[in-house]
Amino acid sequence: MSDSDSMIRAIELAKQAALLDEVPVGAVVTHNGVIVGEGFNRRETGKNALAHAEIEAINMACKTLGGWRLAECEMFVTLEPCPMCTGAIINSRVKRVVFGAYDYKSGSMGSVVNLCDLPYNSKPKIEGGFMQDECATLLTEFFAALRVRKAEQKKKRKEELSVCTCTSDKTL
């Protein structure tokens with residue numbers, strides 16, 4: 001499986017997240033070119049702060065391969081990993097991370113900080129901006145639609161409040 005094929009699968013997973021109104025991030029872990037783990041964001045549906053795409057993909061890869069060391073594995077993810085996910089990648093010994101869109105708010109593989117520059121015993125090779133346009137477009141479209149939905153909800157609540165006629169009985 002090529003890098004492009006792996007990222008295309010991550011993009012498909014990100015689209016699944018978007019269908020659930022989750023931030024569209026998808027991740028796959030490969031071993032010798034074969035997908036051994038995959039995941040997408042499920043924080044809202046799972047009510048779990050740990051349910052990031054990368055964590056789900058690492059978890060599945062560990063189960064598939066029967067161990068926590070993923071030293072011969074590569075990860076493909078649509079968005080630059082956050083601090084939590086970067087820590088999980090370092091701790092699981094993933095040898096290479098390829099991400100699509102840069103995350104200038106919480107990216108921890110170069111945008112805000114590069115946690116892999118710290119003196120940990122494992123340092124994955126990092127390649128950012130791979131298929132960046134496709135990955136960034138998913139996020140841009142998702143957040144634009146989210147802003148529209150929130151504005152419509154706010155307008156609807158305002159209309160409901162203006163229609164509501166509240167009466168009070170002031171008896172002494």
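Is Thr 78 buried or exposed? In this predicted model, Thr 78 is buried, with a relative accessible area of 1%. Thr 78 belongs to strand 3. Leaving aside residues up to four places away in sequence, Thr 78 touches Met 7, Ala 10, Ile 11, Ala 14, Pro 24, Val 25, Gly 26, Gly 100, Ala 101 and Cys 135.

**Strands 1, 2 and 3**

Strand 1 covers residues 26–31, and 5 of its 6 residues are buried, so strand 1 is largely enclosed by the rest of the structure. Strand 1 pairs with strand 2 (residues 34–40) in the antiparallel sense, over 6 bridges. Within this pairing, Val 28 has Glu 38 of strand 2 as its bridge partner. Strand 1 also runs antiparallel to strand 3 (residues 73–79), and 5 bridges join the two. Here the bridge partner of Thr 30 is Glu 74 in strand 3.

The hairpin of strand 1 and strand 2 has 2 residues between the strands.

**Residues with a positive phi**

Most residues other than glycine have a negative phi. The table lists residues that take a positive value.

| Residue | Phi | Place |
|---|---|---|
| Asp 21 | about 60 degrees | loop between helix 1 (3–19) and strand 1 |
| Asn 32 | about 55 degrees | loop between strand 1 and strand 2 |
| Arg 93 | about 70 degrees | just after helix 4 |

How exposed are the two loop residues, Asp 21 and Asn 32? Asp 21 has 47% relative accessibility and so counts as partly exposed. Asn 32 counts as exposed, because its relative accessibility is 67%. The cut-off that decides these two cases is 50%, since a residue must be over that value to be called exposed.

**Helix 4 and its surroundings**

Helix 4 spans residues 83–92, and its buried residues are Cys 85, Thr 86, Ala 88, Ile 89, Ile 90 and Ser 92. What covers these buried residues of helix 4 includes helix 3 (53–65), strand 3 and strand 4 (96–101). Strand 3 thus comes up again, as it is also the strand that holds Thr 78.

**Cysteines**

How many disulfides does the structure hold? The structure holds 0 disulfides. Cys 85 is in no disulfide, and the nearest cysteine sulfur, that of Cys 82, is 3.7 Å away. A disulfide needs the two sulfur atoms within 2.5 Å, so a pair at a greater separation is not counted. Cys 85 counts as buried, because its relative accessibility is 0%.

Why does Cys 135 form no bond with Cys 85? The sulfur of Cys 85 is the closest cysteine sulfur to that of Cys 135, but it is 15 Å away, which is too far for a bond. Cys 135 is buried as well, with a relative accessible area of 1%. Cys 135 is also one of the residues that Thr 78 touches.

**The largest pocket**

The largest pocket holds about 500 Å³ of space. Of the 20 residues that line the largest pocket, Val 23, Leu 79, Asp 103, Ser 106 and Phe 143 are the closest to its centre. Helix 5 (residues 132–163) gives the most to this lining, with 4 residues. By class, the lining of the largest pocket consists of 11 nonpolar, 4 polar and 5 charged residues.

Technical notes:
Residues numbered from 1 in each chain as written. Predicted model: local features only at pLDDT ≥ 70, side-chain atom pairs only at ≥ 80, totals over all residues. Heavy atoms only, no water. Buried < 20%, exposed > 50% of the residue type's maximum accessible area, 1.4 Å probe, protein only. Pairing = 2+ DSSP bridges. Contact = heavy atoms within 4.5 Å. 1 Å grid on protein atoms, 1.4 Å probe; cavity = no way out; pocket = protein on both sides within 12 Å on 5 of 7 lines; lining within 4 Å. Points joined across faces, edges and corners; volume = space filled by probe spheres on them. Nonpolar A, V, L, I, M, F, W, Y, C, P; charged D, E, K, R; others polar.
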